[in-house]
Amino acid sequence: VTAPTIGRMVLAACCLLAPAPRSADAQSAEIARARAAHLEFLRRFPLSPYAALAQQPLGDSLVLGPDDADVPVRGLPRLLVRRRGATASVELPDGSTRALGHQAPAAIGDVRLLLRGLRERPVLAVYGAIRATVGTRWYAESAAAVQVVTLAPPARARRQPALGFDGAETMASEAGSVTLTSGETLQVRRYETGDDEAELEIFFRDPTNGRETYPAGRFVALEPLGGGQYRLDFNRARNPFCAYNTIFPCPPPWPGNALARPMRAGERYDAQ
Amino acid sequence: VTTSSRRLLTFAVLLALPGAAAAQRAPDLTGTWRIALDLAGGTLRTEARFARDAAYRELWRGELCNGGRCDAFSDVRVTADSVRLQLADYAASITLAWRGDSLVGDYRNVGNRGPRLIPVRASRGRWPVTPVPAWLAGRWDAQFEGSVGSSPRLLEFRDGPHGLEGTVLSATGDYGNFRGTVAGDSIVMSHFDGSFVYHVTARRDGDSLLVGTFHAGLRSQTPFTARPSRGDGHLPDPATLTTADTAAPFRFAFRDLDGRLVTQDDARFRGKVVVVDVFGTWCPTCHDAAPALVQLYRDYRDRGVEMVGLAYEVTGDSAVDGSLVRRYRDKFGITFPLLLAGINDTDAAAATLPQLQGFTSFPTTVFLARDGRIRRVHAGFYGPAAGPRHERQIADFRATLDALLKGSP
């Protein structure tokens with residue numbers, strides 16, 4: 001091992017031990033990885049939104065399968081799905097039953113069933129094979145699309161069901177608002193995504209909607225920086241799942257959250 | 001093959017050889033590594049250890065360590081370009097690229113909402129160990145502030161061989177072993193096991209107040225305040241969270257891993273004190289509880305105690321779930337029957353166990369008297385990270401079994 005090699009190793013070790021580097025390069029690399037992972041999710045994951053065949057409120061029961069079923073699914077035998085609180089049971093053609101848990105996918109033949117949304121009124125999503133090939137669909141990364149903002153508290157922290165970017169209901173509360181360098185203000189909501197997890201999301205519109213980006217608008221999450229500050233990086237703006245597959249319901253645009261100037265950053269939309 | 005083509009082939013092989021040799025020279029991963037996950041609200045620090053398999057030298061083994069608690073990676077692959085680690089029974093992965101003698105990459109797990117990606121850095125060596133000051137050591141009563149209300153937690157800090165260690169406890173269990181550092185009035189401590197990403201940052205405000213943030217996942221942040229604990233009353237008693245129908249014998253009927261139907265009426269349970277462990281292989285707290293239950297079974301089986309585990313798994317597909325439960329059984333050396341009871345949802349579990357009311361927790365331990373009726377239900381489990389609470393809980397389980405064997409109500 002040569003001295004320059006050792007020097008490089010020491011330098012690399014020092015850099016790695018330093019607190020999280022958030023240089024522009026690191027940000028760029030992170031965005032590139034996130035985009036690659038998102039594409040992989042869309043193209044290959046069994047529960048990719050492009051694999052969804054149907055999503056419907058479960059009610060008391062649903063019949064899946066033949067053409068006269070509540071949810072016709074080609075190639076699937078008649079299945080009766082009965083709701084049991086937040087969960088369900090699936091009656092198979094051979095008379096046996098399968099339990100279906102909330103957020104726990106079950107494979108039956110060539111399809112996967114998933115109960116999603118709020119436990120008190122779950123929806124049943126049916127997934128099959130991924131049907132579309134997804135291409136690159138982002139604007140080039142732009143440093144101008146990144147701002148550091150502070151979150152002004154909301155007038156009232158009301159918690160209520162709301163449709164998330166993934167087309168499923170969750171509990172959400174008003175989290176306040178952020179003011180951009182343009183002077184415009186955007187509302188922020190706190191979406192509960194797990195037992196101890198939540199995301200601060202903004203659903204915004206801008207003049208690119210309908211031409212270059214999804215007509216209903218895009219979501220972007222705030223990244224906490226500490227000290228009450230957040231990074232708002234529109235390069236990470238992403239489409240709701242309804243942009244990928246009309247099986248998913250679209251969240252209604254939030255009142256007011258419209259930018260006056262085009263935001264050419266983040267995910268694009270190609271109407272196919 | 002002509003002579004000239006043979007010469008061409010030889011020439012091509014000679015050209016390729018140095019590259020092939022270089023491709024095989026994967027750097028040596030042996031030793032302890034500092035792992036850093038860059039969350040939005042700070043750097044989560046954890047450690048990993050790697051060694052070649054003793055019998056098969058081409059294979060690597062590794063462990064992810066949260067202080068004194070280490071858990072094996074499901075798989076470790078090392079090449080000249082990268083290191084790929086599988087975690088949480090292959091549900092998550094860390095993919096790293098070599099950068100000199102360090103590694104850079106991502107932790108990834110994918111749900112139906114999309115991938116969760118957290119940047120990861122790794123370098124050889126251990127994180128610094130800092131002593132725990134007297135003012136911090138012990139328990140703190142915390143209030144986690146949600147957007148529409150607060151909920152109680154308990155924070156524990158102790159001085160261990162790895163410096164600051166501790167845990168976060170709720171009414172039904174602990175969040176696993178945390179490890180961290182103290183600098184002046186500021187503390188950071190973290191837990192990362194492949195499924196759960198927890199990070200606590202706090203600072204002392206005056207003599208008797210901690211003000212901090214509980215980070216979960218990449219971005220979630222819950223503010224909290226904590227004061228030195230005034231006793232055990234801060235968290236609700238786990239035994240009061242789930243109530244039970246004690247009028248009739250507890251009933252269950254599920255298939256074991258060989259497909260045989262097992263019920264409460266089977267000969268092995270008749271006239272015995274029975275412990276029913278409601279668990280899931282996906283549940284880290286259940287992994288904490290399993291060794292304690294195995295030990296209790298060893299100690300009490302000959303005295304008339306029987307056990308049964310009811311597994312609530314991921315898919316509801318008996319072939320898939322069965323293999324997960326078999327791996328769990330073999331990992332902990334469980335010799336009592338494990339039954340496939342349903343899928344991993346508290347509502348589903350509650351539906352299959354109608355005699356438990358308010359069932360919300362995995363694991364839940366149900367104690368049955370010799371007449372088959374429920375005598376005690378314990379929601380959750382305090383793992384080894386909970387220190388004295390863990391030991392007290394096991395002593396409490398033993399006292400319950402002793403009393404039931406004597407025929408006490």
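**Salt bridges, interface and strands in a predicted model of chains A and B**

B:D371 counts as partly exposed, at 37% relative accessibility. The model that holds this residue is predicted. The side chain of B:D371 meets that of B:R373 in a salt bridge, with 3.0 Å from N to O. B:R373 is also partly exposed, and its relative accessible area is 30%. Both values lie between the 20% limit for buried and the 50% limit for exposed, which is why neither partner is placed in either class.

A second salt bridge in chain B pairs B:R61 with B:D53. Here the N to O distance is 2.6 Å. The two partners fall into separate classes of accessibility. B:R61 is partly exposed, at 45% relative accessibility. B:D53 is buried, at 12%. The value for B:D53 is under the 20% cut-off, and therefore the residue counts as buried.

Buried charge-bearing side chains also raise a question of partners. What does the side chain of B:R121 contact? B:R121 belongs to strand β9 of chain B, which covers residues 114-124. The residue is buried, with a relative accessible area of 7%. Its side chain is joined to that of B:D38 by a polar contact of 2.8 Å.

Confidence in chain B is not uniform along the sequence. The mean pLDDT of the chain is 86, and 90% of its residues score at least 70. Over residues 1-23, however, pLDDT stays under 50. For this stretch the model has three contacts beyond four places in sequence. Where pLDDT is low, the predicted coordinates should not be read in detail. For the complex, the predictor gives an ipTM of 0.74 and a pTM of 0.76.

Attention now turns to the interface. The contact between the chains draws 51 residues from chain B and 52 residues from chain A. The size of an interface is often given as the accessible area lost when the parts come together. Chain B and chain A bury about 3,900 Å² between them. Carbon and sulfur atoms account for 52% of that area. Which three residues supply more of the area that chain B buries against chain A than any other three? They are B:N112, B:R113 and B:R219, with 21% of the area on the chain B side.

Charged and polar pairs cross this interface. Five salt bridges are found between chain B and chain A. A:E199 forms a salt bridge with B:R219, and the closest N and O atoms are 2.7 Å apart. B:R219 is thus also one of the three residues named above for buried area. Seven residue pairs are in polar contact across the interface, with both residues at pLDDT 80 or more. Several elements of chain B each supply at least two residues of the side that touches chain A. Strands β1 (31-39), β8 (102-111) and β9 are among them. So are β17 (210-216), β18 (220-228) and helix α4 (346-352).

Chain A has two helices and 17 strands. Its C-alpha atoms fill a box of roughly 70 × 60 × 40 Å along the principal axes. Of its 272 residues, 48% count as buried. Among contacts in chain A between residues at least 6 apart in sequence, 54% join residues at least 24 apart.

Two strands of chain A illustrate its pairing. Strand β14 (residues 198-204) pairs with β15 in the antiparallel sense, over four bridges. A:F203 stands opposite A:F219 of β15. In a regular strand the side chains alternate between the two faces of the sheet. Is strand β15 (residues 218-221) covered on one side or on both faces? Both faces are covered. A:R218 and A:V220 are buried on one side, and A:F219 and A:A221 are buried on the other.

Salt bridges total 38 over all chains. One of them in chain A joins A:R189 and A:E174, with the closest N and O atoms 3.6 Å apart. This pair links distant parts of the chain, 15 residues apart. A:R189 sits in strand β13 (residues 185-192), and A:E174 in strand β12 (residues 169-179). A network of salt bridges links A:E30, A:E223, A:R231, A:D233 and A:R236.

One loop residue of chain A has a positive phi. A:Q103 is a residue other than glycine, yet its phi is near 65°. A:Q103 is found in the loop between β6 (97-100) and β7 (106-108). Its relative accessible area of 37% makes A:Q103 partly exposed.

Note on methods: Residues are numbered from 1 along each chain as its sequence is written. Chains are lettered from A and ligands numbered from 1 in the order in which they are written. Side-chain values use heavy atoms; hydrogens and water are left out. Buried means under 20% relative accessible area, exposed over 50%, partly exposed in between (1.4 Å probe, protein chains only). Two strands pair if DSSP finds at least two bridges between them. A polar contact is a pair of N or O atoms within 3.5 Å; within protein, one must be able to donate a hydrogen and the other to accept it, and residues adjacent in sequence count only if both atoms are side-chain atoms. pLDDT is the predictor's confidence in each residue, from 0 to 100. Contact means heavy atoms within 4.5 Å. A salt bridge is a side-chain nitrogen of Lys or Arg within 4 Å of a carboxyl oxygen of Asp or Glu. Buried area is the accessible area (1.4 Å probe) that two parts lose on being put together, summed over both.
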